[in-house]
Amino acid sequence: MLDVLGFGESSVDDVYIVPALPRAGASKLPIASHYWSCGGQVATTIAACAALGLKAGYLGPVGDDENARRVQEELNARGVDLSRLMVRRAASRYAIIMVEESTGERLVLWERDKRLDLAPAEAIPEMVAGAKVVHLDATDEGASIALARLARAAGAIVTCDVDTVTERTPEVLSHVSIPVLAASVPRQITGIDDVEGALREMRRTHPGLICVTRGEEGSAALDGDRFVHVPAVSVRAVDTTAAGDVFRAGLIHGILQGWPVERMLRFGNAAAALACTRRGAMSSVPDLGAVEALVG
């Protein structure tokens, strides 16, 4: 039995610390420092879930190259169950990330081989069997929809990481128990700028808890008819790359504990804040004790 199983992106990130992110008119930038880090939005969330004491598994997919081996070694070292891992004959996803030295804000450039996709017909119940929570992204939308259906049918809670909107986004969200959306997504879906108004519009088609990450403004959720906003924890950010991924791990931890929404958001905000004080994606995830100490 797994507390949480993840399906979606893993990555090896080539990270460059720069004095400022590229802007119009700037043709050259010096590199302050450079390092490699394992990441990817779902793999990082699953690594963070394991650090928070959850029994976590990663479904993949990964390629069959050296980058895939690096990701597997990192997850295995963190106690993540890889027994269901899907390995495809393809190059693994990788990313080039520029991080602004003074603010920790980042720009991500990435490449992903389509051969990493999972045909919906390949999704079978055994892939998600025994997981209390299945967490997925919307990179491979057809596979995510198929796995979400199977997970819901098996009685699991389905959470998601959606940061861009496509024609299939409403279909993806319709199969998710608790959507966790990037700040811009509710507006893109509804055309409503106000976060509360956008979430209330989304309530017309989604009956469950809907959460949204809001960066420096913290996080918010629509719980039934009640709008909840919890401010961010103030820290000096070094690298914001993993903030949203780690927030989702904190939220999943709270869901499994049966906490009230305010407590889940507060815990997720604290976890995300700690991740922002450290460099890298998986290398930034905090443990349970550190998050509990910050929450107080």
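Which side chain does a polar contact of 3.4 Å join to that of Ser 177? The partner is the side chain of Arg 152. Welcome to a short tour of this predicted model, with stops at the loop that holds Ser 177, at the cysteines, at a cis peptide bond and at some helix pairs.

**The loop between helix 4 and strand 9**

- Ser 177 sits in the loop that runs between helix 4 (169-174) and strand 9 (180-181), and Val 176 has its place in that loop too.
- Ser 177 has a relative accessible area of 17%, so it counts as buried, the limit being under 20%.
- Val 176 is likewise buried, at 1% relative accessibility.
- Beyond residues up to four places away in sequence, Ser 177 touches Arg 152, Ala 156, Ile 157, Val 158, His 206, Gly 208 and Leu 209.
- With neighbours within four places left aside, Val 176 is in contact with Arg 152, Val 158, Thr 159, Cys 160 and His 206.
- Reading those two contact lists together, Arg 152, Val 158 and His 206 appear in both.
- His 135 is 41 residues from Val 176 along the chain, and their C-alpha atoms are separated by 9.2 Å.

**Glu 9 and its surroundings**

- Glu 9 belongs to the loop between strand 1 (2-7) and strand 2 (11-18).
- Is Glu 9 buried or exposed? Its relative accessible area is 7%, which makes Glu 9 buried.
- The side chains of Glu 9 and Arg 93 are joined by a polar contact of 3.5 Å.
- Contacts of Glu 9, apart from neighbours within four places in sequence, include Gly 40, Gln 41, Val 42 and Ala 43, along with Tyr 58 and Arg 112.
- Asp 137 and Thr 139 are also among the residues in contact with Glu 9.

**Thr 190 in helix 5**

- Thr 190 is part of helix 5 (residues 185-190) and is partly exposed, with a relative accessible area of 22%.
- A polar atom of the Thr 190 side chain lies 3.1 Å from the backbone nitrogen of Ile 192.
- Not counting residues up to four places away in sequence, Thr 190 touches Ala 198, Glu 201 and Met 202.
- Thr 190 and Arg 200 are ten residues apart along the chain, with 9.7 Å between their C-alpha atoms.

**Cysteines**

- How many disulfides does a search of the whole structure find? The search finds zero.
- A disulfide is a covalent bond between the sulfur atoms of two cysteines.
- For Cys 38, the closest cysteine sulfur is that of Cys 49, 17 Å away, so the pair is too far apart for a bond.
- For Cys 211, the closest cysteine sulfur belongs to Cys 160, and at 9.5 Å this is too far for a bond as well.
- Cys 38 is buried at 9% relative accessibility, and Cys 211 is buried at 0%.

**A cis peptide bond**

- Most peptide bonds are trans.
- The bond from Gly 60 to Pro 61 is cis, with omega near 10 degrees.
- Pro 61 is located in the loop between strand 4 (56-60) and helix 2 (66-77).

**Helix packing**

- Helix 1 (residues 41-51) packs with helix 7 (residues 243-257) at an angle of about 45 degrees, their axes being 8 Å apart. This angle makes helix 1 oblique to helix 7.
- The crossing of helix 1 and helix 7 is right-handed; the residues that meet include Gln 41, Thr 44 and Cys 49 in helix 1 and Asp 245, Arg 248 and Ile 252 in helix 7.
- Helix 7 and helix 8 (residues 261-276) cross at roughly 145 degrees, and their axes come within 7 Å. Among the residues making this contact are Phe 247, Gly 250 and Gly 254 of helix 7 and Met 264, Gly 268 and Ala 272 of helix 8.
- Helix 7 passes helix 8 in a right-handed crossing.
- Helix 8 packs with helix 9 (residues 288-295) at about 115 degrees, with 9 Å between the axes, and the two are therefore roughly perpendicular.
- The crossing of helix 8 and helix 9 is right-handed; Phe 267, Ala 270 and Leu 274 are among the helix 8 residues that meet helix 9, where Leu 288, Val 291 and Val 295 are included.

Notes
Residues are numbered from 1 along each chain as its sequence is written. This is a predicted model: local features need pLDDT of at least 70, side-chain atom pairs count only at pLDDT 80 or more; totals for chains, interfaces and linings use all residues. Side-chain values use heavy atoms; hydrogens and water are left out. Helices (H or I, at least four residues) and strands (E, at least two) are DSSP runs, numbered from the N terminus. Buried means under 20% relative accessible area, exposed over 50%, partly exposed in between (1.4 Å probe, protein chains only). A polar contact is a pair of N or O atoms within 3.5 Å; within protein, one must be able to donate a hydrogen and the other to accept it, and residues adjacent in sequence count only if both atoms are side-chain atoms. Contact means heavy atoms within 4.5 Å. A disulfide is a pair of cysteine sulfur atoms within 2.5 Å. Axes are lines fitted to C-alpha atoms, for helices over the stretch in contact, and angles run from 0 to 180 degrees between N-to-C directions. Angles under 35 degrees count as roughly parallel, over 145 as roughly antiparallel, 65 to 115 as roughly perpendicular and the rest as oblique. A crossing is left-handed if the near helix is turned anticlockwise from the far one by less than a right angle, and right-handed if clockwise.
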